[in-house]
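Here's a quick, friendly tour for anyone meeting this structure for the first time. Have a look at it, and then we'll walk through a few spots together.

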Amino acid sequence: MLVVRLLVKHMHALSGNTKLDQTDILPSATSETYLSEDLKRVVTSEYVQRLYLLLLHCFKQWPMETSFRAVLETWLIYIQPWRYQKHVHSESKEKWASFIQENILMYTKLFSCFLKRFAHVDLVNIDNATMVFRMAKVFAQPNLPELIENGERLLLHQGPLFPPTLMASQVQPTEIAALPLPKTHINNKNLQMFGVEMRAEVLKLVQRLMQAQQTAKTMLDQPGNVSVGQFLCSWMRLIPKTNSESGRNDMTKSDMKTVELLKKAVEHLNHVFNLNTGHLSQMMNMGSVEESKQLPDCIQSETGLILTDLGRMQIINGLRRFDIEYQGDPQLQPVRSYENAVFVQLMFWIATLINNRLEGHMNDLCSQHNLLGRLGQHYLITSTVKGRFPKSTVTQQSQEDYHLRPRLSLRTFSSYRTLLILLLLYSLGSLFSISPLLSTCLILMVSFLYGLCMTVYVGK
């Protein structure tokens, strides 16, 4: 695609020149080769239709990745020939109007494909926001929307024009097949760029842009998500925060740039289509306060709630979500991202052996109404869980509670945070020539004193 992009630039420069200075290619050459209209017609007609079909295929089949930027820039370069030709300001407006009329599907059909494609991407991503901004900025150039609308009107009423640089007097009946764009696409009258259907799609895109802008602003107000390693390091305050702060600053700058790009993209699209975004903006501001507390857009069915396209978009952009809370056995909950799966299984196996052997003693300890009983309840699990169905915002089913017997849980030792703390404590003990056994005793003693203080404090 980068090679095709470079080819398009050269073809624009070629079609705008009447003579080719060979000194640009060979420094020793002094002669000039004059380019005939026939030569430019043959060269242009050979590649325009292929380029259109290639871009159309890429718009539909390219993966939903940021690498689509290469395809987008190739398209934007082709629809702006005035940027790659000399003496642009001296050219007449009619020349560019003729070019747009002859290549109208490059503007309308591919614009429609762009809207369909970006209805399924995350617009909070700065790369996707940049692509939407680039497209909107190009179409918002002075006089371009008017020229596209006029060219579209002529296409629907008069039929397709002839290839660039081809005069009507030179057209032969056998050359009709050399039209730059496929006739099957030209005859489709449902591609009106400024029609009702297209404006509705643009309005949906603008709505998504404003929602993504609101999400990016929310991310600026809230502390950014950090990785597990950064969280563990910052928790102990033992490792300098330079890298963490620099990464957070980069994320903040990225979010600020995303907000600016989305805002400018909305302004450009509003300029092109004269949209009434004032009412939409007011609705967005009114709903932004309570939006995070609402469920994604769904429809009720016999089997439960089903997400709509709007609901999927709200989840993708982080605007709304289902509040899912685990209320089962704490030891049987899924492995978290901050836990080691191997240690989770190992700690569960060890805790099960201890609980099977000391189950009676644990019940007797927790049943006491004194300090030892409260201390046992502090260290052991004595929770209440739902009988059969976990709590859900989607299904409201009858549930029965049952109490779990007091038992020991060692799952906290499978957390990366706990493992790092123990590693640092043992390393600190080795610096003071403390043996691992003595370090273990000290850790257990400090943990016991902490639990005792907490038990007394809670009791009071």
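How many aromatic pairs does the count come to? The answer is twelve aromatic pairs. Before going further, keep in mind that this is a predicted model.

## Aromatic rings

One of those pairs is made by Trp82 and Trp96, and its geometry is edge-to-face. Their ring centres sit 5.6 Å from each other, with 70° between the planes. Trp82 belongs to the loop between helix 3 (69–78) and helix 4 (93–102), while Trp96 is in helix 4 itself, so this pair ties together parts that are 14 residues apart in sequence. Are these two tryptophans buried or exposed? Both Trp82 and Trp96 are buried.

There's also a whole cluster of rings to look for. Ring pairs link Phe59, Phe68, Trp75, Phe111, Phe114, Phe118, Phe139, Phe194 and Phe273 into it. One member, Phe68, has another partner: the charged end of Arg117 sits over the Phe68 ring, 3.9 Å from the ring's centre.

## The largest pocket

Now turn to the largest pocket, which holds about 1,300 Å³ of space. Its lining is made up of 35 residues. If you want to find the middle, go to Tyr379, Thr412, Phe413, Ile443 and Ser447, the lining residues that lie nearest the pocket's centre. The elements giving two or more residues to this lining are helix 14 (341–366), helix 15 (371–379), helix 16 (416–431) and helix 17 (436–459).

Which helix gives the most to the lining of the largest pocket? That's helix 17, with ten residues. As for the kinds of residue you'll meet around the pocket, the lining has 24 nonpolar, ten polar and one charged.

## A little hairpin

Let's move on to some strands. Strand 3 (residues 298–301) and strand 4 (residues 304–307) run antiparallel, and four bridges join them. With two residues between them, strand 3 and strand 4 form a hairpin. To pick out one of the matches, start at Ile299: its bridge partner in strand 4 is Ile306.

## Two loop residues with positive phi

Here's a bit of background first. Most residues other than glycine have a negative phi. Asn143 is not a glycine, yet its phi is positive, at about 70°. You'll find Asn143 in the loop between helix 6 (126–139) and helix 7 (144–158). With a relative accessible area of 40%, Asn143 is partly exposed.

Ser433 tells a similar story: it isn't a glycine either, and its phi is positive, at about 60°. This serine is in the loop between helix 16 and helix 17. Is Ser433 buried or exposed? Its relative accessibility is 72%, so Ser433 counts as exposed.

## Arg199 and Asn274

One last stop is Arg199, which is part of helix 9 (residues 196–221). This arginine has a relative accessible area of 29%, so it is partly exposed.

How far apart are the C-alpha atoms of Arg199 and Asn274? They are separated by 9.6 Å, and the two residues are 75 residues apart along the chain.

Definitions and conventions: Residues numbered from 1 in each chain as written. Predicted model: local features only at pLDDT ≥ 70, side-chain atom pairs only at ≥ 80, totals over all residues. Heavy atoms only, no water. 1 Å grid on protein atoms, 1.4 Å probe; cavity = no way out; pocket = protein on both sides within 12 Å on 5 of 7 lines; lining within 4 Å. Points joined across faces, edges and corners; volume = space filled by probe spheres on them. Nonpolar A, V, L, I, M, F, W, Y, C, P; charged D, E, K, R; others polar. Pairing = 2+ DSSP bridges. Phe/Tyr/Trp six-rings, centres within 6.5 Å; stacked < 30°, edge-to-face > 60°. Buried < 20%, exposed > 50% of the residue type's maximum accessible area, 1.4 Å probe, protein only. Lys NZ or Arg CZ within 6 Å of the ring centre and 35° of its normal.
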